[in-house]
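Visitor: I would like a close look at one part of this model, taken slowly. Which residues line the largest pocket?

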Amino acid sequence: MTKLKDLIPDSLKKESKGLGDTIEKITEVTGIKKVVEEVSGKDCGCNKRKDKLNKMFPYKKWKK
């Protein structure tokens with residue numbers, strides 16, 4: 001029997017470094033990323049935007 005955690009793509013399992021990673025996960029799950037890639041037929045600049053947002057709004061790790 002397939003477990004739910006096995007159905008989740010690896011890209012969604014990794015910890016987000018910042019806002020850019022979170023937005024990427026949302027666009028992947030909702031299908032927006034795939035539609036944009038299909039419609040534009042080229043690189044939309046998502047990785048550059050993700051990196052910039054991660055630098056502007058990083059998630060802080062709490063020390064235990």
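Guide: Helices here are DSSP runs (H or I, at least four residues), numbered from the N terminus. Lysine 34 sits in one of them, helix α4. This is a predicted model, where local features need pLDDT of at least 70, side-chain atom pairs count only at pLDDT 80 or more, and totals for chains, interfaces and linings use all residues. Residues are numbered from 1 along each chain as its sequence is written, and side-chain values use heavy atoms, leaving out hydrogens and water.

Start with confidence. pLDDT is the predictor's confidence in each residue, from 0 to 100. The protein chain averages 85, and 95% of the residues score at least 70. Among the elements, α5 has the highest mean, 94. Helix α1, residues 4-7, has the lowest, 72.

Now the pocket. A pocket is an open set of points on a 1 Å grid over the protein atoms alone, where a 1.4 Å probe fits, with protein on both sides within 12 Å along at least five of seven lines; lining residues have an atom within 4 Å of a point. The lining of the largest one holds Gly20, Ile23, Glu24, Thr27, Ile32, Lys33, Val36, Cys44, Cys46, Arg49, Lys50 and Leu53. Three helices each give two or more residues to this lining: α3 (19-30), α4 (32-40) and α5 (46-56).

Look along α5. Lys50, Leu53 and Asn54 are buried there (under 20% relative accessible area, 1.4 Å probe, protein chains only). Seen down the helix axis, the buried residues of α5 fall within an arc of 100 degrees, taken from the directions to the C-beta atoms, so they line one face of the helix. These buried residues pack against α3 (contact means heavy atoms within 4.5 Å). On the other side of α5, Lys48, Lys52 and Lys55 are exposed (over 50%). Two of the buried residues, Lys50 and Leu53, also appear in the pocket lining.

Back to α4. Lysine 34 lies in this helix. Lysine 34 is exposed, at 58% relative accessible area. Pair lysine 34 with aspartate 10: they are 24 residues apart in sequence and 16 Å apart in space, C-alpha to C-alpha.

Finish past α5. Lysine 61 lies in the segment after that helix. Lysine 61 counts as exposed, at 68% relative accessibility. Lysine 61 and lysine 17 are 44 residues apart in sequence. In space, their C-alpha atoms are 9.2 Å apart.
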